[in-house]
Amino acid sequence: MKSDVLIVGDGIAGLSSAIIAKLKGLETVVLQPSTKPRDAFHVVLHPGIEALLKTLGVAQEAACLASSRPDGYWRYSAEGRDFVLYGQDAEGPWLGYLVSLRELENLLRARAQFLGTIFLRPADAVHALSEHGAVKGLESARKRWFAGLTIDASGARGILARDLCLKYLYGSPPLVATYASQASSNPASHPIFRMDPDGWRFDMSTSPGHRCTIGMAITSQKICEKGKSGRDVSWRYLPECAGPGYALVGDAAFRLDPGSGAGVLRAIMMGIKAVELAAQPDEWHLYRQWVSDWARTDGAALAEIYSEKPFNAAWPKSHRWSDARLSF
Ligand SMILES: Cc1cc2nc3c(=O)[nH]c(=O)nc-3n(C[C@H](O)[C@H](O)[C@H](O)COP(=O)(O)OP(=O)(O)OC[C@H]3O[C@@H](n4cnc5c(N)ncnc54)[C@H](O)[C@@H]3O)c2cc1C
């Protein structure tokens with residue numbers, strides 16, 4: 001099977017790539033995982049994402065999906081609390097989105113399907129198919145899929161990084177995110193961000209009578225807390241995130257912890273940008289540079305926040321990206 005664009009992974013990054021590729025008139029195939037144990041948690045999206053949702057053609061639907069559109073959040077620390085407003089202009093305050101990640105993915109999948117994306121669910125694990133240093137597609141034990149551009153949107157897995165032996169750089173101590181959903185008779189009008197010396201918690205009312213809590217621990221100690229699932233959200237990025245015939249997008253290319261508040265935004269932007277390589281296959285170094293600059297700028301800015309009270313005791317004194325990963 002041969003297509004213009006072949007995408008592995010159907011999270012936010014892969015689906016955004018698929019939508020843009022179809023809008024450009026490219027034959028697009030998405031390989032989905034054989035089993036799909038998806039996490040059910042809500043994400044908070046910065047108002048700036050609206051322009052990207054418009055580009056994908058789902059802005060109105062996403063606004064309907066949102067369980068609320070907060071104009072900011074409360075920030076609590078040992079010093080007290082303050083309200084962080086996202087921003088405002090002549091038309092009023094900017095509104096973020098509180099939305100189920102799974103429902104947002106379903107919306108993007110429906111849009112990609114409507115535009116004619118082909119979705120396949122290979123029965124076996126897939127691997128890179130490369131020839132003379134260029135990626136030509138992907139293969140499983142039984143099948144091969146060829147493409148002009150292969151996009152790895154497999155999230156934490158990073159299939160192409162693994163198969164092409166590409167090295168991630170790591171930029172944080174080990175960080176673990178947890179999430180939990182529980183009944184709550186006390187709905188909060190705005191999300192609440194609580195900061196502690198070893199991490200933070202973000203509480204939000206997601207539907208009448210329900211509350212979702214996202215937590216992040218700077219050490220791994222909280223990973224096994226009863227009733228909570230934990231995910232490695234340590235910072236990493238891949239300097240060689242594009243090359244002849246391939247690009248990595250979303251968490252597979254560049255990940256900061258959810259405290260950056262921009263994982264979904266990054267996934268969509270990389271998904272959109274990587275598709276340009278289908279028309280300009282020799283320009284992969286520009287994509288690499290763009291992701292590297294982004295990782296270094298946002299990593300430095302977030303590290304500065306974490307090096308302040310109350311996180312400073314657990315956070316390294318100086319920030320740098322390194323190929324030595326601190327183990328859990
Ligand atoms: C607890 C938590 C809270 C978060 N909160 C926020 C937030 O509030 N705001 C925000 O912007 N971001 C948040 N994020 C980050 C955000 O969810 C991610 O950055 C974003 O969803 C990444 O999307 P992705 O498509 O790159 O990767 P993923 O969502 O990981 O998608 C990868 C997809 O690839 C599939 N896949 C893997 N291997 C294969 C294979 N072999 N074959 C086929 N498919 C495969 C997976 O099943 C998955 O569907 C949070 C993350 C966590 C963990």
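Author: A residue is buried if 20 or more other C-beta atoms (placed from the backbone) lie within 10 Å of its own, exposed if 12 or fewer, and partly exposed in between. By that count, 40% of the 328 residues of the protein chain are buried. This is a predicted model, where local features need pLDDT of at least 70 and side-chain atom pairs pLDDT 80 or more, while totals for chains, interfaces and linings use all residues. Residues are numbered from 1 along each chain as its sequence is written.

Reader: How many helices and strands does the protein chain have?

Author: The protein chain has eight helices and 22 strands, being DSSP runs numbered from the N terminus (H or I, at least four residues; E, at least two).

Reader: And what makes the protein chain as compact as a globular protein of that length?

Author: Its radius of gyration is 20 Å, close to the 20 Å that the globule rule gives for 328 residues, so the chain earns that description. The radius is taken over C-alpha atoms, and the rule is 2.2 Å times the number of residues to the power 0.38. Along the principal axes, the C-alpha atoms fill a box of roughly 60 × 45 × 40 Å.

Reader: What share of the contacts in the protein chain joins residues 24 or more positions apart?

Author: Such pairs make up 72% of the contacts with a separation of 6 or more; a contact has the two C-beta atoms, placed from the backbone, within 7 Å.

Reader: Why are H1 and H4 called roughly parallel or roughly antiparallel?

Author: The axes of H1 (residues 12–23) and H4 (residues 101–114) cross at roughly 25° and come within 9 Å. Angles under 35 degrees count as roughly parallel, over 145 as roughly antiparallel, 65 to 115 as roughly perpendicular and the rest as oblique. H1 and H4 are therefore roughly parallel. Axes here are lines fitted to C-alpha atoms over the stretch in contact, with angles from 0 to 180 degrees between N-to-C directions. The H1 residues that meet H4 include Ile12, Leu15 and Lys22, and their partners in H4 include Leu104, Glu105 and Arg109. By class, this contact has seven nonpolar, one polar and four charged residues.

Reader: Which way does H1 pass H6, left-handed or right-handed?

Author: The H1–H6 crossing is right-handed, whereas that of H1 and H4 is left-handed. Left-handed has the near helix turned anticlockwise from the far one by less than a right angle, right-handed clockwise. The axes of H1 and H6 (residues 263–274) come within 7 Å and cross at roughly 35°. Among the residues in this contact are Gly14 and Ser17 of H1, plus Ala267 and Gly271 of H6. By class, you get nine nonpolar, four polar and no charged residues.

Reader: How do you know whether histidine 132 is buried or exposed?

Author: Histidine 132 has 6 C-beta neighbours inside 10 Å, so it counts as exposed. It lies in the loop between strands E10 (127–131) and E11 (134–139), with a positive phi near 50° despite not being glycine.

Reader: What about cysteine 165, buried or exposed?

Author: With 7 C-beta neighbours inside 10 Å, cysteine 165 is exposed. Its phi is positive too, about 55°, and its loop runs between helix H5 (159–163) and strand E13 (169–170).

Reader: Why does leucine 85 get the label it has, buried or exposed?

Author: Leucine 85 has 12 C-beta neighbours inside 10 Å, so it counts as exposed. Leucine 85 sits in strand E5 (residues 80–85) and, beyond its neighbours within four places in sequence, contacts Asp71, Gly72 and Pro93.

Conventions. Ala, Val, Leu, Ile, Met, Phe, Trp, Tyr, Cys and Pro count as nonpolar, Asp, Glu, Lys and Arg as charged, and the others, Gly among them, as polar.
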